[in-house]
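User: Please take a close look at the nonpolar core of this model and at the aromatic rings in it and elsewhere, and set that part in the context of the whole chain.

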Amino acid sequence: RIRKEGYPVRITFDNFIKRYKILLGLTNQIKADGENCIAILKQIVPVSRGTYSIGLTKLFIKENLYHTLDSKRDGLMLMASLTLQRYARGFFARKRYTKLRRTIILLQ
């Protein structure tokens, strides 16, 4: 019935908070209820009342809103992975440099 009303994406409150609280930089535990989900949703993206609906245990959202949320999350995850790669490459480059430097000093 809810899908026919135009809300094809159904996500539990707990899953929603786990997936999207990272967009706000929240690390603490948040109670999984509809009010907190809507507060997070409104802070992430400007929404109108017709783009979401609250059930007893799930948040129902429209397809375009879901894609917007996921694209923001994917962008953040991409930046995090690039940062990790940058630090790892720097670490290995420094390690290789110090090993090479030690070898050159030993040969002299």
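Analyst: Contact here means heavy atoms within 4.5 Å. On that basis, and leaving aside neighbours within four places in sequence, glycine 34 is in contact with Phe13 and Ile54. Glycine 34 has its place in helix 2, and, because buried means under 20% relative accessible area, its value of 9% makes glycine 34 a buried residue. The model is a predicted one, and each value below is computed from it.

Helix 2 is also a suitable starting point for the core itself, since the largest share of the largest nonpolar core, 5 residues, comes from helix 2. That core has 18 residues in total, and those with the most contacts inside it are Phe16, Leu41, Leu59, Ile61 and Leu69. The elements that give two or more residues to this core are strand 1 (9-12), helix 1 (13-20), helix 2 (34-44), strand 3 (58-61) and helix 3 (63-107). Leucine 41 shows how the contacts reach across the sequence: not counting residues up to four places away, leucine 41 touches Phe16, Val47, Tyr52, Leu65 and Leu69.

Phenylalanine 16, one of the residues touched by leucine 41, leads on to the aromatic rings. A search of the whole structure finds 2 aromatic pairs. In one of them, phenylalanine 16 and tyrosine 20 have their ring centres 5.0 Å apart and their planes at 50°, an arrangement that counts as tilted. Both residues lie in helix 1, 4 residues apart, which is about one turn of the helix. Phenylalanine 16 has a relative accessible area of 0% and is therefore buried, and tyrosine 20, also at 0%, counts as buried because the cut-off is 20%.

The other pair is formed by phenylalanine 91 and phenylalanine 92, whose ring centres are 5.3 Å apart and whose planes meet at 70°, so that this pair is edge-to-face. As for their exposure, phenylalanine 91 has a relative accessible area of 44% and is partly exposed, while phenylalanine 92, at 48%, is partly exposed as well.

Charged side chains also sit over aromatic rings in this model. Lysine 62 lies over the face of tyrosine 7, at 5.0 Å from the ring centre, and the charged end of arginine 86 sits over the ring of tyrosine 87, 5.5 Å from its centre. Arginine 86 can also be related to the glycine discussed at the start: the C-alpha atoms of glycine 34 and arginine 86, 52 residues apart along the chain, are separated by 38 Å.

The wider context is the chain as a whole. The protein chain has 3 helices and 3 strands, and from the N terminus on its elements run β-α-α-β-β-α. Its radius of gyration is 22 Å, well over the 13 Å that the globule rule gives for 108 residues, so the chain is more spread out than a compact globule. The C-alpha trace spans about 80 × 25 × 20 Å along its principal axes. Buried residues make up 27% of the 108 residues, and of the contacts with a separation of 6 or more, 53% are between residues 24 or more positions apart. The accessible surface of the protein chain comes to about 8,100 Å², of which 57% belongs to carbon and sulfur atoms.

Conventions. Residues numbered from 1 in each chain as written. Heavy atoms only, no water. Core = buried A, V, L, I, M, F, W, Y, C linked by side-chain atoms within 4.5 Å. Buried < 20%, exposed > 50% of the residue type's maximum accessible area, 1.4 Å probe, protein only. Phe/Tyr/Trp six-rings, centres within 6.5 Å; stacked < 30°, edge-to-face > 60°. Lys NZ or Arg CZ within 6 Å of the ring centre and 35° of its normal. Rg over C-alpha atoms; globule rule 2.2 N^0.38 Å. Areas by Shrake-Rupley, 256 points an atom, 1.4 Å probe, with all protein chains shown as cover.
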